[in-house]
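Here are two short exercises to try with the model open in your viewer. Take each task first, then compare your reasoning with the worked solution.

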Amino acid sequence: MTIIKRLKPISMALAVIYANGVYAESSNLLDDASLSLGGMVVSGENIGPLTSRNLSTSVDVLSQDRIEDQNVNYTWQLFDQMPGVMLTQYGMGNESGKISFRGFNGEGEINAVKLLIDGVPSNQNSGNMPYLELLTPLEIESIEVVRGTNDPRYGLHNIAGNADILTQQGGNYNKARASYGSFDTRHVQFVSGIENNGFSQNYAVSYLDSNRYRDHSDIEKSTFSGKWFYTPESGRAQIGFIARHGQADAEEAGYLTRFEARDDPEQSRPHNAPDGGDRSMNQFSAHLDVDLSDNLFWNTKAYLNQLDEYRYVTFAAGGNHNERITQEDHKGALSTLTWRPDVSWAHEFALMGGLSAEFQDNESRRYIVDDFRNRTSQTRDQKFDFDIYGGFVQAIYKPTEKLKLVPAYRVDTVRGSLNDAGVHRDINDYGNISQPKFSAVYSLTDRYAVYGNWGKTFQVASGAASYQKNVFSDDLDASINEGWEIGLKFTPTDWLNGRVAFWEQVASGEFKTKLGDANNDSENIGKTERRGVDIQFNAQATEKLGLWFAAAFQDSEILKAGSDKLGSKGNEIDHVPNYLIDAGIDYQANPKLKLSSWVSAQDDYYLTVDNDTRKFGQYVLVNASASYALTDKVKLAMELKNVFDRDYEYVWLNTESMHSPGDGRAVYGSVQVDF
């Protein structure tokens, strides 16, 4: 199968091209909502299933050349350059951090981002994203982020939007990359593609071992993935299977008091000596894509996600040592049918419908242990089923050449039961959760387009909080998030493109998980509002010089206090900074040498919705990198992180503020060989 065939809609692969080696963008502002950092995804003809680029919202793509050279211990750190994305950096072993956006924080209380890997749903029950660590940078082809409430393709966890990690498929290649750097960090990656007579194989293997910045924070992890796809001679169908496995063993340095973090940020206190954990994950998926006719396309995926984790954690001196066991098996399937008829009454018309189902078997057990990890008592013993069914329909209608309308409607429903230490509890009857959506985009000229969207998404509680406390309990309602966005996308010249967007999202009755609660319960914080302004642009200033900038200005407010937080009306939501800024510069000094530098900045935040603490979390970090093509097949690279050795940290509130200092200045070198 050739690269041209892989551009057919049945394929998950993306073809990436570059303008002057830095930035390019689609000229079709009406049909492609995405902005790309590092490259351009070719839009081509409007055929096949509808994709995120057909949505009139904020869609951002990070391309392969921005991904494969990064030196990271965790895959979520690759989102550092994504516009509007907040990184919450715990730095606690396998619980290292997560991503969030649109005014939602990364505390783990509300996980508002739907994660997909090659289109496969990949959140755990809580919405957290451990399956990100099944991936290694060298195998990733692109990262695609959709922000907003108007994407009907996904239901559960798709509160503020979704992120899809697309890996390489097809081709003939072999690449190896070895890196070494600060904190005795060693990272080896190997990827291979084999394609012949319609059958493609793709493999990725990685191993990382690092002592990391703080004492008692060593991590060792490995991943493996294999992709096998077959396309018959006709090119009208494709069948495939993907298998991924990841294993990680990590120590946890623990949290420090404010004084301890200022005095010696690299230390780990004696009470954290038993802390750490083991995590094992599997993901298997089967894919079938068929062009039923020239204008009818069917896509189906079935998957199994498995998580097995043992974690030992102590949050403060004098506190209990905890053993936490999480075991989850999630089975699911998604199927969509897209119809693109030829009609005389519209410039374009397409109709897409889809069904999805996920069946979860989850276990959560917790124990109090001594200094030697011996169990002394049990504090949680929960087994619960959580099943969710959904369906959607979406249309694209162009009444004129310049106007595109996208109405959509989605419905989800939830089933399940909980066994809590031998006590049976039924899931809350959330009913049918309706989510109407609508988008429109109008091309003012070939270089300017305005768009608007409105839609509803939903939140249901995770863990035991989604089940009735007793037979007399009233069923909880799902929290409905209603959001809108108005934006302008522009390409005033061939060397400049960007987007300005205003957005708002209101939750009818937000609830969040009580972190550390023995009962795995949640609390109601009430009606909330999040709103903001996003500003993005990419500029090819000269043939050699490229610039990019992204700023998200946002605020949050509790409009009506919930029953559990009566005094919080008018307060800000905790851990939500008022701005996130990313900016960078790329300089192609000569055909072999490329220099880059980028800045990440974040505002500070309150630690609770009571807003009764001082603010923490503000930082400005500068990074730099250089790559040199020694030959056509050998590339050397160096990356300097936190160039000015600035202090930054993640902070949360226990009985006092608890601090996890971020990494100091670090340098990494690597060599990549293509063969």
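**Exercise 1.** Place Thr-57 in this predicted model, decide whether Thr-57 is buried or exposed, and find the side chains with which its own side chain makes polar contacts.

*Solution.*
1. Begin with the chain: Thr-57 sits in the loop that runs between strand S3 (40-41) and strand S4 (58-63).
2. Next, accessibility. The relative accessibility of Thr-57 is 1%, and buried means under 20%, so Thr-57 counts as buried.
3. Now look for side-chain partners. Thr-57 and Glu-485 are joined by a polar contact of 2.9 Å between their side chains. Another polar contact, at 3.4 Å, links the side chain of Thr-57 to that of Asn-150.
4. Finally, set sequence against space: Trp-484 is 427 residues away from Thr-57 along the sequence, yet their C-alpha atoms are 9.4 Å apart.

**Exercise 2.** Describe the second largest cavity: how much space lies in it, which elements each supply at least two residues of its lining, and how do the lining residues divide by character?

*Solution.*
1. Start with the count, which is 18 cavities of 30 Å³ or more. The second largest cavity holds about 240 Å³ of space.
2. List the lining: 17 residues line this cavity, and Asp-65, Asp-69, Ser-596, Trp-598 and Ser-625 are the ones nearest its centre.
3. Map the lining onto elements. At least two residues each come from helix H2 (64-67), strand S30 (593-602), strand S31 (619-629) and strand S32 (634-641).
4. Sort by character: the lining has seven charged, six polar and four nonpolar residues.

Key:
Residues numbered from 1 in each chain as written. Predicted model: local features only at pLDDT ≥ 70, side-chain atom pairs only at ≥ 80, totals over all residues. Heavy atoms only, no water. 1 Å grid on protein atoms, 1.4 Å probe; cavity = no way out; pocket = protein on both sides within 12 Å on 5 of 7 lines; lining within 4 Å. Points joined across faces, edges and corners; volume = space filled by probe spheres on them. Helix = DSSP H or I, 4+ residues; strand = E, 2+ residues; numbered from the N terminus. Nonpolar A, V, L, I, M, F, W, Y, C, P; charged D, E, K, R; others polar. Buried < 20%, exposed > 50% of the residue type's maximum accessible area, 1.4 Å probe, protein only. Polar contact = N/O pair within 3.5 Å; in protein donor to acceptor, adjacent residues only side chain to side chain.
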